[in-house]
Amino acid sequence: MTEEILIAGFGGQGVLFLGQVFAHLGMKKGFNVSWLPSYGPEMRGGTANCSVIISSDMIGSPVVFNPDTLFVLNKPSLEKFEPAIKKSGLLLVNSSLVDICANRDDINVHYIPATEIASSVGNIRVANIVMFGAYLAIKQNFSVDEAKGVLREFSKTEEIYNLNCLALEKGFEAIAGRG
């Protein structure tokens, strides 16, 4: 099993944080992992992306050129990275901030109003975790409980942990409720 993930958006959207969550989740399950952040010097508000590889095999390079899964949290990220997704790959789009549709018909695309859902739970900064919950519902590589365990490790307070868990559940429900 190898899952190559690319997460892209603006600095401040939790792109790098979500990559770290994925890497820790993979490690907890006994996989080899790599996490490679990339961001401009302006950080918050500038572009940011990170590559995550979770694999049962050795990882030769931490760079993801053709992701199995692409998270796009903003419009420039969709325009830049959509062409790179592997055929039959997964594209998760934050439709609250991206007002265009994907151009490809050979990939699995899900539009999640992540910022809107995050706002409804009390903080737009958890839109990345809403997207993570949607991923869990689609891919089913990891359980919600496993994800919550990692989120507990990354949450500085019980309040933040509870907010992250609620966002995760709402993202999961956004996909599971469609079935």
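Buried residues have under 20% relative accessible area, exposed ones over 50%, and partly exposed ones lie in between, using a 1.4 Å probe and protein chains only. This is a predicted model in which local features need pLDDT of at least 70 and side-chain atom pairs count only at pLDDT 80 or more, while totals for chains, interfaces and linings use all residues. Residues are numbered from 1 along each chain as its sequence is written, and side-chain values use heavy atoms, with hydrogens and water left out.

**View A. Two cysteines, C50 and C165.** C50 counts as buried because its relative accessibility is 0%, and C165 counts as buried because its value is 8%. If a disulfide is taken as a pair of cysteine sulfur atoms within 2.5 Å, the count comes to zero.

**View B. Strand 5, residues 90-94, and its two faces.** Helices (H or I, at least four residues) and strands (E, at least two) are DSSP runs, numbered from the N terminus. Five of the five residues in strand 5 are buried, with L90, L92 and N94 on one side and L91 and V93 on the other.

**View C. Strand 5 beside strand 4, residues 69-72.** Two strands pair if DSSP finds at least two bridges between them; strands 4 and 5 run parallel and are joined by four bridges, and V72 has V93 as its bridge partner in strand 5. Between these strands the chain passes through helix 2 (residues 75-81) in a right-handed β-α-β crossover, meaning that, with the strands pointing away from the viewer, the path from the first strand over the helix to the second runs clockwise.

**View D. Strand 5 beside strand 6, residues 108-112.** Five bridges pair these two strands in the parallel sense, and the partner of L92 in strand 6 is H110.
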